[in-house]
Amino acid sequence: MASLKVLEQLARKHGTPLFVVDHDELRKNYATFKKYLPRVQAYFAVKANPDPAIVKTLYKAGASFDVASMPEFRIVYEFIKSMRPKERQDWIWDKIIYANPIKANETLKELDQYKALVTYDNSEEIKKIKQYAPHSGLCLRLRVSNTGAMVELSSKFGAKAGEAVDLILEADKAGLVVEGLSFHVGSQTTNFDNFVQAINVAAEVYKEAKDRGYTKMNLLDIGGGFPAPYDPTVKPFRELAKKINTELDRLFPKNIQILAEPGRFMVATAGTAVSKIIGKAVRDGKLCYYIDDGVYHTFSGIIFDHCHYHPKAFKKGPTEICTVFGPTCDALDVVSLAESLPSKLQRGDLLYSENIGAYGNASSTWFNGFPPAKVVHINQ
Ligand SMILES: *Cc1c(COP(=O)(O)O)cnc(C)c1O
């Protein structure tokens, strides 16, 4: 995170609400990922924060990208195309995976021209892909345990292990090529055994496919879910990486390509929100601060991402437990019901919230007429 002095200067210069993205932190997170998972190519999950400047920095660091909609695809595709020599346009699988298992017909029609790598998890999708995007490479998304993840995904996506090989053979019969398997253990997974179990499930499916005569698979995508260090209870990334490496080396030969789709891990710590106190009241004996950013804006992760952020003051002083409200007229717009903040803060004083780079600013709205926070990039 940028120093408090820098944050304060930026807020003075640009006004608030402000969302500051530190590109040194992006590069650091990418380097950490590569250092501890050297066998794994990171496809940054663009939905965590689709800012083109973030895409650019991570691309330059060596990242590939996981997209899940055509607008995300275009952001990444156009940028990478501009960086590559014209005569070499065969990079797409190395740099992009379209990892939304359910795609509209129109999306598939558009995707087909790129011969992209796409995920699927059911029979209906095979029919759609065969009809509208037959030039795609396929990756079967498996349903795996999401126990202990902050955001659960297994109820919406994933083929059960028992039906997986049938779905692979069905796609094969339809003339499509299944390149490999993918899964997602749930976002912000602090239960590292989810990864261990999921890699084992994938290895079993790989083996069953081979036993039943399908030998074209050559990649494994271990998805996202790598936790951001929101608080000290999150165990270090290297411990998770060690478990993953052990299982990968034990179960998957060296010629199998390993991908991952980290979203939160890359961007969470790179984003800081700076907000201003615009009102102050005492309600039922509790001090309430009203700030100019809230759950419809940079703090949207409180609602959509089940995440807590802790606004802190730049000023020091005796504290008490306060409520922090957002600026809209909706009572849902609560940033925190219990934050220890100095009681003497005044209108115009600033607060900052760290580790808010993932799934916050990305789902900001214009609700109630309040625009999203201004975005400022540093150390680009
Ligand atoms: C959201 C998502 C990700 C990113 O997940 P994180 O928990 O942020 O790492 C990766 N892959 C898919 C398919 C997703 O939907």
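Two strands count as paired if DSSP finds at least two bridges between them, and the strands themselves, like the helices, are DSSP runs numbered from the N terminus, with at least two residues (E) for a strand and at least four (H or I) for a helix. The structure is a predicted model, in which local features need pLDDT of at least 70 and side-chain atom pairs count only at pLDDT 80 or more, while totals for chains, interfaces and linings use all residues. Residues are numbered from 1 along each chain as its sequence is written, and side-chain values use heavy atoms, with hydrogens and water left out.

**Exercise 1. Find which strands pair with β12, and give a bridge partner for each pairing.**

Step 1. Start from strand β1 (residues 18–22), which pairs with strand β12 (residues 271–283) in the antiparallel sense over four bridges; here L18 has V274 of β12 as its bridge partner.

Step 2. Stay at V274, whose bridge partner in β17 is Y352; this belongs to the antiparallel pairing of β12 with strand β17 (residues 350–353), which also comprises four bridges.

Step 3. Turn to strand β13 (residues 286–291), which is joined to β12 by six bridges and runs antiparallel to it, with I277 standing opposite I291 of β13.

Step 4. Look at the hairpin of β12 and β13, where two residues lie between the strands and D284 takes a positive phi near 50°.

**Exercise 2. Trace the closed barrel and describe the surroundings of β2.**

Step 1. Follow the eight strands in the order β2-β3-β4-β5-β6-β8-β10-β11, which form a closed barrel with parallel pairing. The twist from one strand to the next averages 30°, where axes are lines fitted to C-alpha atoms (for helices over the stretch in contact) and angles run from 0 to 180 degrees between N-to-C directions.

Step 2. Take strand β2 (residues 40–45), which is largely enclosed by the rest of the structure because five of its six residues are buried; buried means under 20% relative accessible area, exposed means over 50%, and partly exposed lies in between, with a 1.4 Å probe and protein chains only.

Step 3. Identify the neighbours of β2 in the barrel. Three bridges join β2 to strand β11 (residues 257–260) in a parallel arrangement, and V40 is partnered there by I258. Another parallel pairing, again of three bridges, links β2 to strand β3 (residues 64–67), with D66 of β3 as the bridge partner of A45.

Step 4. Move on to strand β4 (residues 96–98) and strand β5 (residues 117–120), a parallel pair with two bridges, in which Y98 is partnered by V118 of β5.

**Exercise 3. Compare K115 and A116 in the loop that leads to β5.**

Step 1. Place A116 in the loop between α6 (105–112) and β5, where K115 is also found.

Step 2. Assign the exposure of each residue: A116 is buried, with a relative accessible area of 1%, whereas K115 is partly exposed at 49%.

Step 3. Relate A116 to I97, which is 19 residues away in sequence but 6.9 Å away in space, C-alpha to C-alpha.

Step 4. Check the backbone of K115, where phi is positive at about 50° although the residue is not a glycine.

**Exercise 4. Locate backbone features in two other loops, at P17 and H306.**

Step 1. Recall the background: most residues other than glycine have a negative phi, and most peptide bonds are trans.

Step 2. Examine the peptide bond from T16 to P17, which is cis with omega near -5°; P17 sits in the loop between α1 (4–14) and β1.

Step 3. Examine H306, a residue other than glycine whose phi is positive, near 55°. H306 lies in the loop between α12 (301–304) and β14 (312–313) and is partly exposed, with a relative accessible area of 47%.

**Exercise 5. Establish how many disulfides the structure holds, and whether C139 and C307 are buried or exposed.**

Step 1. Apply the criterion that a disulfide is a pair of cysteine sulfur atoms within 2.5 Å; the structure holds zero disulfides.

Step 2. Read the accessibility of the two cysteines: C139 is buried at a relative accessible area of 0%, and C307 likewise counts as buried, at 2%.
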